[in-house]
Structure formats: structure tokens, C-alpha cells
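Hi everyone, thanks for coming along. Today I'd like to walk you through one protein model, helix by helix. Please have a look at the picture first.

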Amino acid sequence: MAEPEIPERFLEGYDRILAEVAETGRRLTRDELETRRTLGREAAEAGHQLRALVRLHLAETRAAWPLTTTGAAVTDAVLGAVEQTVDAFAEGFERAQRITVRREEAARREFIDDLLYGRSDLGRLAERATRFGLRLSRAHAVAVAAGPEAYSESDAVPRSVEAALLSRFSGRKILLTTKDGRLVCIAPGSQPDVLRYFAKQAHVATDGGQVAVGRPHRGPGGVVHSYDEALDALDLAQRMNLDDPVLYAADLLVYPVLTRDRQAMADLVRSELGPLKEARGGAEPLLRTLSVYFDAGCVAAETARRLSLSVRALTYRLERIHQLTGSDPSDPMHRYTLQTAVIGARLLDWPAKEL
């Protein structure tokens, strides 16, 4: 596409300055430099390219070069004036660009905050989203990556992940940002490959950080819903000691179901596992034994290996649990209740917190 024609007013007074410098050898005055800066700012605000503007100044320099005077001193004075003029013009141009960038960054951050917190009018939010490449009438999914430290958009980690995404998916409608020190990627729900790739790149860039992916949801409120699911998955991973590098909210739906009635779950934990407090050393060692036993598929040899116990010592612990609770971990009739209670204990942080 052809560049827009640059108005002559951005060269206003330039030929006069060159002529006077050639005659007197003077430098540009303070007012003249300020005028060049103002013209540079106005050119930036009008959307012209700095390269084209510099080219225009150089062309005008050739056209207005004083032919009536010669000599090294004159040439040096005129070239010095050209240098001052272009430098002041570019300074004004760059100032305007920096202000524009800061405004864009502020608008982008405000949009992201409203989008992820659902604080704005949904219709207005959808209108603003098109400016940042999102069409909120469609389904979107959100992935959140948590690393060993907090990140901002200007840090090397987010920049490297963004570069990798843009290199692979340059034509996709993707929004990458940071929120509360975590990396956040928003992508169309029909493109799960984007979030899978983001998860891979973020896991590496954050030195093994964990990534959670929410389910796709439609509409302006769908983004915040998916974002909340991803955050809940990260929180759940911390409480449940889940060490998977990538967590999918769709695979963890059973846990919100189990804790939907918190009081009922607390009653189950107290009634089923409460007697473990009577054991020597408290409930924690036996609770961990049950947790590892269920994670190992109720295979005694594998459980003993993970706990660094002999099979005989493990058998003693399981028998002790049976004695205290009245439920036998090896009995399929009792196993489901015990395992549900163990999951509830993890979710409710029992016995560290009283129920």
C-alpha cells in the first residue's frame, strides 16, 4: 500500500533556515529547534513514517542547497543545520510515539483487567476486544502459567514465550499478557493447539512452572469463566500436590463437585478420618499412607516403594487404619468412602486446619 503524501507544512521554514545558515554560519535558535520538535510530534500524530519524513528533509536539503556560496566552512555549517533539524524533528516524533505507546499500554492493561475480572459492560467489552484481536462472540479458552517468580509483560520470560507463539501462529487471534505475576494466554476455543504450544513454551521458559488450561466458553463472560477455571486448577494442584506440568480443568471437574457442599465434605472427613488423630504421631502419617496407597492403585508393593517402607510395615499401617476407623482400605466396599474422605482432607487442608 502506498504511503500517504506528506504535507509541505512539515518542512515549514526549513529552506529559510538553510539559506541563513549558509550566509552567517549560525546554528539553529532555541525557538527554531522547538518548532522542529513540534512539527515532528504533529507528523507522528498524523501517522506518517519517520523514514519517509527524514527522506523528505534530505530531498529538500538537496533542492534548497545554497549554490551561491562555496567553501568548506559553509558546507560544514549547512550540514550541521541539517543534523540539528533532523535530530530535533526526530526527537519530537519519538516523544509523540512514546506517549502513544504508553496510552496504548494503559488501554490494553485496562481492557485485560476488565476482561479477566468481568468488571465492564459486556457489550462495550466486546467492542473493545476487536481492537486487540479478539472476537468475544466466539468461544475462547484461557491458559495460565505460574513460575517460581512473578512476571510482568516487560520481563524476558513473557517476551520469549510471546515470540515463540507469534513465530508459530502469526495469523492467529491470540492475546498474551501477565496478570498477578502469572503468564496468561487467551485463544479461540476452536484452536486448542495454540494453548498446548503455549503450555509447552511456558513450562520451559519458567523453569518447570505449572500451566493450567480452562475450558472454552462463549461470549464476553466466557473468558473470565475460563480464566477462573485455570486459576482454580492451579490452586487445586497446590492443595492436592498434583505435579503434572499441564492441568486441564476439564479433567478436574470431580473436585469442585466433591467440595460443592463443603459442610457435608467436612462431616465426612471428621467421621471417617477423625479417629486417625488417636494414632501415635497424629493423623498425618496415616493420612499420607492412605493418599499414596490410593495414588498407587492400591498396590501394596508400589505403595511401600513410594513411602520407602517394607511391605510388612505398610501392612501394619493399613491394619492400624482399619482398627482406628473401622474401614478397611483393601475392602472395595470401604475403599470409595475412604478415598473420597482422603481427597476431601486434601482439599480442606485437614488436619492442619480444624474443620
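Let me begin with angles: those under 35 degrees count as roughly parallel, over 145 as roughly antiparallel, 65 to 115 as roughly perpendicular, and the rest as oblique. Helices (H or I, at least four residues) and strands (E, at least two) are DSSP runs, numbered from the N terminus. Axes are lines fitted to C-alpha atoms, for helices over the stretch in contact, and the angles between N-to-C directions run from 0 to 180 degrees.

Two words on where this comes from. The model is predicted, so local features need pLDDT of at least 70 and side-chain atom pairs count only at pLDDT 80 or more, while totals for chains, interfaces and linings use all residues. Residues are numbered from 1 along each chain as its sequence is written, and side-chain values use heavy atoms, with hydrogens and water left out.

How confident is the prediction? pLDDT is the predictor's confidence in each residue, from 0 to 100. Its mean over the protein is 86, and 92% of the residues reach 70 or more. Confidence is lowest in helix 5 (residues 122-131), with a mean of 69, and highest in strand 4 (residues 210-213), at 95.

Now to the packing. Two packed helices are described by the angle between their axes and the distance between the axes.

Let's take helix 14 as our anchor. Helix 8 (residues 220-240) packs against helix 14 (residues 332-347) at an angle of about 110°, and their axes are 8 Å apart. Helix 8 and helix 14 are therefore roughly perpendicular to each other. Which residues make this contact? Here contact means heavy atoms within 4.5 Å. From helix 8 we have Leu236, Arg239 and Met240, and from helix 14 Ile343, Arg346 and Leu347. For sorting residues, Ala, Val, Leu, Ile, Met, Phe, Trp, Tyr, Cys and Pro count as nonpolar, Asp, Glu, Lys and Arg as charged, and the others, Gly among them, as polar. The contact of helix 8 with helix 14 then has four nonpolar residues, no polar ones and two charged.

Helix 14 also packs with helix 11 (residues 284-295). That angle is about 115°, with the axes 10 Å apart. Is the crossing left-handed or right-handed? A crossing is left-handed if the near helix is turned anticlockwise from the far one by less than a right angle, and right-handed if clockwise. Helix 11 passes helix 14 in a left-handed crossing. On the helix 11 side you'll find Leu287, Leu290, Ser291, Phe294 and Asp295, and they meet Arg335, Leu338, Gln339, Val342, Ala345 and Arg346 of helix 14. Here the split is six nonpolar, two polar and three charged.

Let's zoom in on Ser291, which sits in helix 11. For accessibility, buried means under 20% relative accessible area, exposed over 50%, and partly exposed in between (1.4 Å probe, protein chains only). Ser291 counts as buried, because its relative accessibility is 9%. Not counting residues up to four places away in sequence, Ser291 touches Val342 and Arg346.

Staying in helix 14, look for Ala341. With 0% relative accessibility, Ala341 counts as buried. Leaving aside neighbours within four places in sequence, Ala341 is in contact with Leu268, Val269, Glu272 and Leu273. The C-alpha atoms of Ala341 and Arg270 are 8.6 Å apart, although 71 residues separate the two along the chain.

What about the backbone? Most residues other than glycine have a negative phi, and most peptide bonds are trans. In the loop between helix 8 and strand 6 (246-248) lies Asn241, and its phi is positive, near 60°. Asn241 is exposed, with a relative accessible area of 62%. In the segment after helix 14 we meet Asp349, also not a glycine, with a positive phi of about 60°. Asp349 counts as partly exposed, at 35% relative accessibility. That segment holds Pro351 too, and the peptide bond from Trp350 to Pro351 is cis, with omega near 10°.

One last pair of helices: helix 6 (residues 156-168) and helix 7 (residues 192-205). Their axes come within 10 Å and cross at roughly 145°, and this crossing is right-handed. Among the residues in contact are Val157 and Ser160 of helix 6 and Val194 and Tyr197 of helix 7. The whole contact divides into nine nonpolar, two polar and one charged.

Thanks for listening!
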